[in-house]
Every structure is written in C-alpha cells, then in structure tokens.
Amino acid sequence: MAKVARQVVEQAGINVDQLLEKLVAAAAAEFTTYYYYTILRINSIGFDGEGLKEIIEDARIEDRNHFEALAPRIYELGGKLSRDIREFADVAGCPDAYLPADPRNVQEMLKVLVEAERCAIRVYTEICNMTAGKDHRTYSLALAVLHEEIEHEAWFSEFLGEGPSGHFRRETPGQSPYVSRFMTAMQK
Ligand SMILES: [Fe+2]
C-alpha cells in the first residue's frame with residue numbers, strides 16, 4: 001500500500017475505511033454489471049435489440065474498465081478485494097441487472113439497463129462528494145467514471161424515448177474516453 005498516500009487522505013479528514021468500503025462496493029457493482037450486461041447484450045436480438053446491442057457492448061466493456069481502474073486505488077489505500085468472488089458479489093453497491101423474464105421485451109430490457117446506470121451515477125457522485133478537495137486521486141478517478149456512467153444513462157434513456165442524448169458512437173467498442181488514462185496496467 002501507499003502509506004503516505006493513505007496518510008494524506010486521512011489527514012484531510014476522510015475516514016479511509018469508509019471510503020474503501022464504498023470503493024469495494026463500486027468495484028463489485030462494476031464486475032457484476034459487466035457479467036449481467038454480457039447476458040443482456042447476447043439477448044438483445046431482433047429489430048429492436050440489434051440497435052441496442054452496440055451501446056450495451058460499450059457500457060459493458062466500460063464497466064469492466066471501471067473495475068480495472070478502481071482495483072489498484074483500493075490497494076494503494078490499504079484495502080483489498082475480497083478473496084471469495086461470492087462475497088465480493090454480495091457487497092456490490094448496485095442491484096443485480098437480471099435479464100427480464102421476457103428478453104424480447106425491449107422496454108423491460110431498457111429499464112434494467114437505465115436503472116443500473118442510475119445507480120452507478122449515485123455511487124460515484126457520492127464518492128466524488130466525499131473526496132472532493134481531499135483525496136485528489138480518488139476524486140479524479142471517480143469523476144472520470146462518473147462521466148462515463150452519465151453517458152451510459154443518457155444513451156439508454158434515449159432508447160426509452162426520454163429524449164435525445166447527443167450520442168453518436170465510440171471510436172472503438174468500450175473505448176472509455178475518460179477512464180482509459182487510469183488503466184495503466186492494461187493495454188487497451
Ligand atoms: Fe460503470
């Protein structure tokens with residue numbers, strides 16, 4: 001762990017154990033959402049589903065990227081990921097994004113997707129609020145993730161008929177325009 005890095009955050013008035021709990025819950029939500037989005041993307045078929053497929057894939061890969069980017073920060077601050085993946089899934093900060101009973105119902109599919117993004121926005125807004133002006137590195141990372149979660153929400157909400165999002169497309173699937181600079185251990 002980065003001893004001084006943790007110390008300065010503590011000295012700034014942050015309860016680091018509490019912050020770590022939030023970061024682990026966020027990482028677990030990314031990991032489980034990546035898993036569930038795999039199933040949602042595979043089931044996104046037919047005339048309606050085909051249009052959705054690409055943005056589900058972008059959101060899916062970007063959620064994996066969020067997990068990748070959060071993991072080292074957790075260890076730097078003296079935390080860790082749970083040894084058991086079942087325990088890890090149980091502490092996820094967002095509900096399971098289950099495939100709807102009728103996967104051909106695109107509206108139901110979209111509700112699951114948009115709710116997952118809305119939960120993520122709340123999670124990262126909370127981490128940003130907690131770390132702003134105090135833990136610069138976590139703040140910067142959480143803010144980068146927040147940018148992408150907000151884009152994801154806007155894409156799905158556009159499909160739900162809630163109005164345009166301004167979205168065109170990522171240059172490559174799951175490009176992570178904001179978070180990629182934090183993924184120093186991974187070739188993108
Ligand atoms: Fe995410």
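Among contacts in the protein between residues at least 6 apart in sequence, what percentage join residues at least 24 apart? The share is 75%, where two residues are taken to be in contact if their C-beta atoms, placed from the backbone, lie within 7 Å. The structure is a predicted model, in which local features need pLDDT of at least 70 and side-chain atom pairs count only at pLDDT 80 or more, while totals for chains, interfaces and linings use all residues. Residues are numbered from 1 along each chain as its sequence is written.

The protein has six helices and zero strands, and along the sequence this reads as α-α-α-α-α-α; helices (H or I, at least four residues) and strands (E, at least two) are DSSP runs, numbered from the N terminus. Along the principal axes, the C-alpha atoms fill a box of roughly 55 × 35 × 30 Å. The radius of gyration of the protein is 17 Å, which agrees with the value near 16 Å for a compact globule of 188 residues; this radius is taken over C-alpha atoms, and the globule rule is 2.2 Å times the number of residues to the power 0.38. Of the 188 residues, 36% are buried, a residue being buried if 20 or more other C-beta atoms lie within 10 Å of its own, exposed if 12 or fewer, and partly exposed in between, with C-beta atoms placed from the backbone.

Helix H2 (residues 16–42) offers a way into the packing. Its axis and that of helix H3 (residues 46–76) come within 8 Å and cross at roughly 155°, which makes H2 roughly antiparallel to H3. Here axes are lines fitted to C-alpha atoms, for helices over the stretch in contact, and angles run from 0 to 180 degrees between N-to-C directions; those under 35 degrees count as roughly parallel, over 145 as roughly antiparallel, 65 to 115 as roughly perpendicular and the rest as oblique. The crossing of H2 and H3 is left-handed, meaning that the near helix is turned anticlockwise from the far one by less than a right angle. The residues of this contact divide into 15 nonpolar, three polar and eight charged, with Ala, Val, Leu, Ile, Met, Phe, Trp, Tyr, Cys and Pro counted as nonpolar, Asp, Glu, Lys and Arg as charged, and the others, Gly among them, as polar.

With helix H5 (residues 106–131), the axis of H2 comes within 11 Å and crosses at roughly 160°, and the two helices are therefore roughly antiparallel to each other. This crossing of H2 and H5 is left-handed. The residues that make the contact include Leu19, Ala26 and Leu40 of H2 and Met109, Leu113 and Ile127 of H5, and they divide into 13 nonpolar, one polar and two charged.

Single residues add detail to this picture. Tyr36, in H2, counts as partly exposed because it has 19 C-beta neighbours inside 10 Å; leaving aside its neighbours within four places in sequence, Tyr36 is in contact with Asp96, Ala97 and Tyr98. Val114, found in H5, is buried, with 20 other C-beta atoms within 10 Å, and, again leaving aside neighbours within four places in sequence, Val114 is in contact with Glu153, Phe156, Ser157 and Leu160. Ser176 lies in the segment after helix H6 (136–159) and counts as buried, with 25 C-beta neighbours inside 10 Å. The phi of Ser176 is near 50°, a positive value in a residue other than glycine. Most residues other than glycine have a negative phi.
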